[in-house]
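Subject: Structure handover

Hello,

Here is the structure we spoke about. Please open it and keep it in view while you read the notes below.

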Amino acid sequence: MTGYLLHAFVYLCAAVIAVPIAKRLGLGSVLGYLVAGVVIGPVLGFVGQETATIQHFAEFGVVMMLFLVGLELEPKMLWAMKHRLLGLGGLQVTLSTLVFSGCALYWGIAWQTAVAIGLLLSLSSTAIVLQTFNEKGLSKTDGGRSSFSVLLFQDIAVIPMLAVIPLLAIPELLETSQQVAQDSHGDSLSLVAHLTGWHYALVVVGAIAAIIASGRFLSRHLFHFIAASGLREVFTAAALMLVIGVATLMGLIGLSPALGTFLAGVVLANSDFRHELEANVEPFKGLLLGLFFITVGAGIQFSVLVDEFAIVIGITLAVISIKAAILFVLALIFKVRSSDGWLLALSLSQAGEFGFVLINFTVGNHVLPPEYAQILSLVVALSMFLTPGLFILYDRLILPRYQQQSNAAEQDVPDSQGQVIIAGVGRFGQIVNRLLVANDIPTVVLDAQAGQVDLLRNINIKSYFGDATRPELLETVGIDEASLFVVAIDNKIQAVELVTYLKHAHPHLKILARAFDRGHSYELEQAGADVIISETYYSALAAGEKALSLSGIHPFRAQHLAQSFVEIEQSHHQELYESWQQGQVNGETFARYREIFKQLQAALDEGMEGDRLDGHSDSERGWTPPPKGYIDKL
Amino acid sequence: MSNRVLILYAHPSTHRSEINRPLFEASCQVNHVTAVDLYAEYPSFRIDIDLEQQRLRDHDVICFMFPLYWYSTPAILKEWQDLVLEYGFAYGADGRELTGKKFICVLSAGGAESAYQASGLNRFTLPELLQPLEQTANLTGMTYLPPYALFGARTAKEDGKLSDHVLEWLLWLGEFSKPDFNFDALRQYDLLKLARDHVMEVTP
């Protein structure tokens with residue numbers, strides 16, 4: 001037990017130190033994790049033996065990441081990208097495999113091994129690339145989307161590769177690799193090992209259908225049931241259960257767990273619970289991915305690197321340049337223009353984590369001699385290691401060139417509006433939302449009551465279940481892109497806390513808050529809300545105005561009297577607010593506050609009724625005629 | 001000391017404006033100019049009389065910028081006049097706050113210049129139609145300047161007249177802020193025509 005804790009401590013410690021430093025230096029978290037791994041592994045030798053085991057565990061981070069990616073992708077979007085998925089992704093994998101296999105053949109390697117090498121080097125690192133895209137906000141660019149299509153195709157392509165590689169087995173390798181086979185990635189637990197091809201296909205189709213059907217029809221009831229309990233940790237447990245369950249199911253029938261969870265994510269992308277699920281899985285994904293990168297760093301075998309330095313470095317650079325060149329050409333063919341083409345070429349030019357999986361698998365299946373495997377593992381690790389450098393190259397050298405051009409060209413286009421996040425869509429927030437949506441202003445609506453979300457769904461208003469006071473959830477609904485946040489949640493204390501948090505963590509946001517009463521509105525003001533609307537103030541005012549006109553006052557005058565009332569109140573606002581603040585600080589029993597409130601009432605009485613000396617009344621400035629006989633003095 | 005220019009801009013659907021909004025936005029960038037979008041500031045027509053009167057005190061050149069609506073200003077500018085130009089402030093026994101200030105209308109008109117003739121569709125010239133404003137300026141002791149107008153405003157953008165119009169107006173704004181600018185001399189001229197000569201001088 002203590003041993004595990006010690007290792008966990010060493011890993012976490014390295015991450016906690018290295019990642020913030022890397023971020024501050026502008027290198028991105030991935031490089032930070034990789035360096036942390038190198039330091040605790042090959043350099044200091046704290047860890048090393050167990051990296052392979054931990055790596056299997058950490059690969060689950062990739063699985064979770066694909067689940068999250070799936071959540072972001074609705075089936076419609078997936079269908080829309082089919083051309084790039086098949087064309088760009090398919091060509092990239094095919095061409096890269098051909099070129100790398102060709103090179104291997106040229107160096108006199110057996111054709112079976114050459115094909116395996118080609119296949120495993122054609123894959124890129126989903127983990128590094130998507131993580132970096134997220135951090136740099138590149139996911140929504142054309143280059144980001146194209147890269148994603150290619151990565152997705154690669155992840156799908158792993159399945160047929162796993163099917164083909166055993167057919168390439170070389171008999172001579174059989175004995176030498178017996179012991180490595182024990183350690184291979186292939187799971188020993190399988191439900192389908194004994195099935196014939198036809199039955200197997202049936203099982204696969206059945207499993208996928210089960211995921212889609214349960215995602216569509218069962219998940220809602222399950223999540224509703226859990227949401228009704230109000231226990232946040234149970235929701236977290238449910239989210240994890242879902243991901244682990246799907247991954248296990250896929251593993252059992254011999255498919256890629258990452259692909260399975262991706263599918264589950266896509267199925268759930270339309271769910272009201274989407275953002276809540278995201279917020280729950282996100283931290284686990286982050287930690288496990290981090291762990292994965294550390295193990296890559298820790299797994300670098302310095303002895304092999306030193307012995308075969310020239311070969312390893314040479315192959316690594318060759319792999320990166322060849323893949324980048326192929327991708328760049330494909331970008332031109334598929335009209336991924338300007339900086340996006342460069343982004344595609346540079347971001348995907350490394351080998352990926354599935355490369356490790358395939359290396360183990362090929363060795364286990366007697367396709368790859370172990371000594372090649374060591375070198376290839378290094379090549380894969382090093383190419384991943386160099387990827388953050390390529391992103392820096394892109395940021396510093398390539399992007400600035402294109403940015404200047406596009407700035408000049410797009411000067412006339414007005415800035416697009418950021419979206420509005422509305423927390424709480426009860427009787428108040430709902431109206432705000434309807435007005436915004438009716439005017440094509442994008443909103444994201446959150447409510448902590450699943451029933452409320454259902455009600456809105458019935459009238460075709462898209463909203464999500466979720467507790468808006470959770471920072472992780474706010475991240476997943478895109479708070480960084482939002483320009484306005486409407487706080488309309490019912491819990492008064494939580495509303496104030498939310499405003500305080502938002503002002504602190506996202507100072508750029510404008511905050512419009514709904515106040516329950518006067519005291520609450522002062523609390524919200526103190527917390528930093530930009531605009532505060534007291535929920536009953538204006539409706540009461542409208543009722544008062546109607547009451548005036550029903551009492552015989554002309555409607556136009558009644559309206560002006562009501563507006564004067566508001567103005568006089570506003571002119572006393574600062575004074576009242578300050579005395580309220582003093583009361584807060586001194587713990588006074590609002591004696592002074594009450595005094596000032598009385599003064600306000602007096603000012604109102606005077607302002608509404610009293611005429612000015614010159615015959616003008618405060619409440620109806622204007623439309624008052626000049627004094628009688630004024631014409632003689634002109 | 002430079003002359004300070006106050007622009008009171010009124011367009012009830014400014015998001016559709018092709019002429020006045022560019023003119024207003026360009027004016028916002030000029031030194032010594034305070035540009036007020038009245039419909040933005042008073043969406044419910046509740047004009048703050050004290051604030052508006054103080055603005056008038058603080059400026060030397062008062063400018064109404066608007067599209068011509070039914071031979072007059074949009075409603076809020078009329079409301080503004082009714083409320084802000086109070087007895088005792090703008091006129092009357094002690095009402096001398098505006099005396100000596102300059103007043104100009106910057107407007108766009110849908111019809112062609114030929115329509116604003118005794119023989120044309122509108123039967124009166126633009127200066128004739130603006131006589132209520134001219135007399136308001138007279139009564140309040142302000143110097144009334146000839147209007148700076150753009151005719152055929154509905155198609156001015158397509159006709160390529162907009163950028164010249166904005167540029168010429170900016171040149172006038174620059175002139176107005178000069179402390180020794182002779183406003184009285186300007187009263188005799190057609191401002192539009194003068195602007196063209198002026199631009200010819202300035203731009204090579």
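The notes below go through the cores, one helix, one histidine and a sheet.

Please keep in mind that this is a predicted model.

Cores

The largest nonpolar core has 132 residues. Those with the most contacts inside it include Phe67(A), Leu121(A), Phe148(A) and Phe293(A). Helix H19 of chain A, residues 370-409, gives the most to this core, with 15 residues. To see one of the core residues in its surroundings, go to Phe293(A): leaving out residues up to four places away in sequence, Phe293(A) touches Val30(A), Tyr33(A), Leu34(A), Ala127(A) and Ile128(A). Another core, of 40 residues, lies apart from the largest one, and among its residues are Leu56(B), Ile76(B), Val84(B) and Leu130(B). As background, nonpolar side chains in soluble globular proteins tend to be buried together.

Helix H4 of chain B

Helix H4 of chain B covers residues 75-84, and 7 of its 10 residues are buried, so the helix is largely enclosed by the rest of the structure. The buried residues are Ile76(B), Leu77(B), Glu79(B), Trp80(B), Gln81(B), Leu83(B) and Val84(B). What do they pack against? In chain B, their partners are strand E1 (5-9), helix H2 (38-41), helix H3 (49-58), strand E3 (61-67) and helix H6 (131-139). Two of the buried residues of H4(B), Ile76(B) and Val84(B), also belong to the core of 40 residues.

His59(B)

His59(B) sits in the loop between H3 and E3 of chain B. Is His59(B) buried or exposed? Its relative accessible area is 7%, which is under the 20% cut-off, so His59(B) counts as buried. The side chain of His59(B) makes a polar contact with the side chain of Thr34(B) at 2.6 Å, and it also reaches the backbone oxygen of Arg55(B) at 2.8 Å. Not counting residues up to four places away in sequence, His59(B) touches Arg4(B), Val5(B), Leu6(B), Thr34(B) and Lys101(B).

The sheet in chain A

Chain A has an open sheet of 6 strands in the order E3-E2-E1-E4-E5-E6, with parallel pairing. Strand E3 (464-465) and strand E6 (531-534) stand at the edges; each has a single partner strand, so one side of each is left without a neighbour in the sheet. Within the sheet, strand E4 (residues 482-487) and strand E5 (residues 510-515) of chain A pair in the parallel sense over 4 bridges. For Phe485(A), the bridge partner in E5(A) is Ile511(A).

Regards

Terms used
Residues numbered from 1 in each chain as written. Chains lettered and ligands numbered in written order. Predicted model: local features only at pLDDT ≥ 70, side-chain atom pairs only at ≥ 80, totals over all residues. Heavy atoms only, no water. Buried < 20%, exposed > 50% of the residue type's maximum accessible area, 1.4 Å probe, protein only. Contact = heavy atoms within 4.5 Å. Core = buried A, V, L, I, M, F, W, Y, C linked by side-chain atoms within 4.5 Å. Polar contact = N/O pair within 3.5 Å; in protein donor to acceptor, adjacent residues only side chain to side chain. Pairing = 2+ DSSP bridges.
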